[in-house]
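Open the model in your viewer and keep the selection panel at hand. The tour goes chain by chain, then residue by residue.

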Amino acid sequence: MNNMDKRIFYIWLAECSEAQSDRKLFLMSLFGDAEGVYNASPSDLRDAFAAHPQELPEQFLLEALLRKDLRPAERSLRQAEACGAEAICLEDSLYPPHLAEISDPPPVIYALGNTDLLKEQGIGVVGTRRASPYGRWVAEEIGHKIAECGVTVISGMAAGIDAMAHTGCLRAGGDTIAVFGTGVDICFPKSNLKLYREILDKGLAVSEVRPGYGGFAFHFPLRNRIISALSKSVVIVEGAPKSGSMITASRAMEQNRDVFAVPGNINQPNSLGTNMLIADGAYPILRLDILPETLRIGRNAKALLRKMSDAEKAVYEIIESSPGCSADEISLLTERSAAETAALLSAMEIKGLIRSEGSFKFIK
Amino acid sequence: MYSRVLTAGLYGLDCEATWVEVDTSNGLPRFAIVGLANQSVREASERIHSAVVNCGFEFPPKRVAVNLTPANLKKDGSHYDLAIALGLLLSTGQIEDMERITEYTAFFGELTLDGKIGRVEGILPMAISLQKEGIKQLVIPASNLEEARLVKGMNLFPVSSLKEVTDILEKMSAAVPVIADGKPRVDMARSVPDFSDIRGQESIKRAAQVAAAGMHAMLMIGPPGVGKSMIGKRIGGILPPMSYEEQLEATKIYSIAGELKDSLPMIVERPFRAPHHGISASSLIGGGTKPRPGEISLAHCGVLFLDELPEFAPGTLDTLRQPLEDGTVSVMRVNGKCVFPSRFMLVAAMNPCRCGYYGDPVRPCSCSESDRKRYVGRVSGPLLDRIDINVVLERIPYEDLSNSSAKTEISSADLRKGVENAFGMQKERYKNLKTDYNSQLTPLQIRKYCALDGNCEALMREAFRTWSLSARVYHRILRVARTIADTDCAENIREEHILEALSYRLPEKYFE
């Protein structure tokens, strides 16, 4: 059987009732893979449910499995193709290994945009939708600084903190992944339409629900586990004690990810959650200027070079091989006019690739 | 008997037609000059006495009253001599003005004791304002002819002695005037050094081009001997030629300052002024009891080069702020206020510290931190705020200097092309405005003429975030970006223009 058909079974399994993904992972471990679950006889399935009441308590899941109806799955796949999204199932090579390793990985994810971004773990930046001006500023700065290191910023594209984290990252020309609670072809909230388009254009949108699906409120906390799973560390910028952000923090801890929190004003209800996280042992973000060191991310030179134009790459390599060279030397070596070189160097400095000390240029 | 003769008086750059009235009456012999005449005018009596007698006329033993009208303006200068002497001769009936020539001809000249007529200052501005008042005929010292020739359409009678003047008066019809054509006769082509003399340094040459294109103030920071002065001296050479109006205006200033010579009767090339750093504030911006234009006005339409900027007295430098903004300088004196034009391009050069090697990768700097701060601190922040183009120069390795590679150096002619493009664009854009150059744009005008599209806006935001720039810098960057776009003949500012403009921002490292 070819791959195309295999994906159908994963989608089918994912869409079999609203039961949690860990149940489905357990089923797959019993029957080999999603196809095995589909091909299992009704009696085998009933036996499995009877034998593992702890792992498989939901009878409605069993009923859904027994119906063995592939039509909704076929429709989902068609819809994915129609909007240009890729359906990536658990056994695909594109499926991020760090997502697969958690206790409840989604059997299938839909990805729309630059799927290369799934290869490396990023940094999650999340927080409340009712963000304070301070929180919005911090989120944007953090997004920007992470992007400058060539590391992917992962968030949920909700209003407030999430949106600012994406914005800061995109402004630095960085890579960003937005994990949706709705289908990847739906912009939610609508107010983020501009950001949504930019993410599809330059980054990646990911969701475990099928394209065209508006989602329910409970899908939004669920997608938080994907945000933390795709991340090496998660930064909580602002959030109340009982909020989606705190769910992300606790899922991150379960998944063995580092949790960082931005200290906030103690008069602010939305800072209480993050301050409590710090009290409970999360790493506080104390200074923005040493953020990369705090988050323990180095400069991802490969990702940075990938982002550069050919002209920038050439200049970068010249400066790398002779630190402290001057603009004149660079224009001589690249055979570009002084004006073009000046513009190029300014742009690279803004992107955080190089820095200048007077007329001497260095790699940042 | 009463007589009157036309001449003119100079008040700053403004001139006013002035009548010399002479009345001779019986009484105790005396010679009095009234009408707010100062020392140099009152001393005319002695010169006139001798000159009149030595030319074969008689100095009458009578009561002679000379009045300079309008009498409420202070008179200064020696050019009244000729008009007073003529008035005296007319009122005593020694000569006759049959054709009433003195009614429509203005007379200028300083008399020597033997009756010769010598050069006077300020002929050009006086001739220009008399022409505006409808006077078409001037009698001037022969040595001022080349200067007066610039006023198109004037009938000029160059004279070198009192006798010649009386001859003209008696037989006007026989005298042939020189008709001014607005063109000087003397070959004044100076050889301005060329940018091709400078090896490499292309980024600095480009910065100089941009600065010249918008008449932006420029600051060069670098160790001794990297060619800061060489560049400063060459910038004037890449500005487009002066227009006739500009030449006239600059020559007027030089005329008042008494800086015109026989070999330099007119300012036809952009002035280059490089005052020493010991200069006083009033020599720099203008002053004196009789207000004289300062170096900044003498640099009008040209380049004012201040080498070793921190060596200038801080107070002196700060006087530059207002003229840099306004393009004019007001000199307040007891006699009133004088306004001189001063639209110059400031080019300044400085070492990064007293020893000059701060920031040098090889040679150690021997200055302490506090020494260095004191040194650069002499240049005030508000002055730096008015400098749009900042560049850092570095020492050139010996091999580069001696290496005569095949690569041709960028010459002044190459650079002038971009500057001329920008001048054309600016002239078109600001044709109905008082603004001439991008460097003069006000924040309100910047909003209008330096509009940015979405991408450029985003770029500016990013740049401000990256370098924590101030709002003041915002306007500077946009002005320079506008100029860079103009050198490309681009209607709209594009991202590359902003990026290049950003590279000319102040290198904070040297000033903190």
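How much accessible surface does chain A have, and what share of it belongs to carbon and sulfur atoms? The accessible surface comes to about 15,500 Å². Carbon and sulfur atoms hold 53% of it. Bear in mind that this is a predicted model.

**Stop 1: chain A**

Select chain A and switch to cartoon. You should find 18 helices and 12 strands. The radius of gyration of chain A is 23 Å, close to the 21 Å that the globule rule gives for 364 residues, so chain A is as compact as a globular protein of that length. Turn the C-alpha trace along its principal axes: the span is about 80 × 55 × 35 Å.

Now colour chain A by accessibility. Of its 364 residues, 57% are buried. Next, draw the contacts in chain A with a separation of 6 or more: 70% of them involve residues 24 or more positions apart. Then show the charges. Chain A carries 39 positive and 46 negative side chains. The centres of these two sets are 4 Å apart.

**Stop 2: a cis bond in chain A**

Select Phe188(A) and Pro189(A). The peptide bond between them is cis, with omega at about -5°. Pro189(A) sits in the loop that runs between strand 5 (176-180) and helix 10 (193-202) of chain A.

**Stop 3: chain B**

Move to chain B. Its cartoon shows 21 helices and 19 strands. The C-alpha atoms of chain B fill a box of roughly 85 × 50 × 45 Å along the principal axes.

Colour this chain by accessibility too. Chain B has 512 residues, and 55% of them count as buried. Its exposed area is about 21,700 Å², with 51% supplied by carbon and sulfur atoms. For contacts in chain B between residues at least 6 apart in sequence, 75% join residues at least 24 apart. The charged side chains number 62 positive and 64 negative. Their two centres lie 3 Å apart.

**Stop 4: Ser3(B)**

Zoom to Ser3(B), in strand 1 (residues 2-11) of chain B. Is Ser3(B) buried or exposed? Ser3(B) has a relative accessible area of 8%, so it counts as buried, the cut-off being under 20%.

Show the side chain of Ser3(B). One of its polar atoms lies 2.9 Å from the backbone oxygen of Gly87(B). Now add the residues in contact with Ser3(B), leaving aside neighbours within four places in sequence. They are Val20(B), Glu21(B), Val22(B), Gly87(B), Leu90(B) and Ser91(B).

**Stop 5: a cis bond in chain B**

Select Thr69(B) and Pro70(B). A cis peptide bond joins them, and omega is about 5°. Pro70(B) is in the loop between strand 4 (63-69) and helix 3 (81-91) of chain B. Most peptide bonds are trans.

**Stop 6: positive phi in chain B**

Most residues other than glycine have a negative phi. Two stops go the other way.

Select Met215(B). Its phi is positive, near 50°. Met215(B) lies in the loop between helix 7 (202-214) and strand 11 (218-221) of chain B. The relative accessible area of Met215(B) is 5%, so this residue is buried.

Finish at Cys301(B). Phi is near 70° here, again a positive value in a residue other than glycine. Where is Cys301(B) found? Look in the loop between helix 11 (295-298) and strand 15 (303-306) of chain B. Cys301(B) is buried, with a relative accessible area of 5%.

Terms used: Residues numbered from 1 in each chain as written. Chains lettered and ligands numbered in written order. Heavy atoms only, no water. Helix = DSSP H or I, 4+ residues; strand = E, 2+ residues; numbered from the N terminus. Buried < 20%, exposed > 50% of the residue type's maximum accessible area, 1.4 Å probe, protein only. Contact = heavy atoms within 4.5 Å. Areas by Shrake-Rupley, 256 points an atom, 1.4 Å probe, with all protein chains shown as cover. Lys, Arg positive; Asp, Glu negative; His and termini not counted. Charge placed at Lys NZ, Arg CZ, Asp CG, Glu CD. Rg over C-alpha atoms; globule rule 2.2 N^0.38 Å. Polar contact = N/O pair within 3.5 Å; in protein donor to acceptor, adjacent residues only side chain to side chain.
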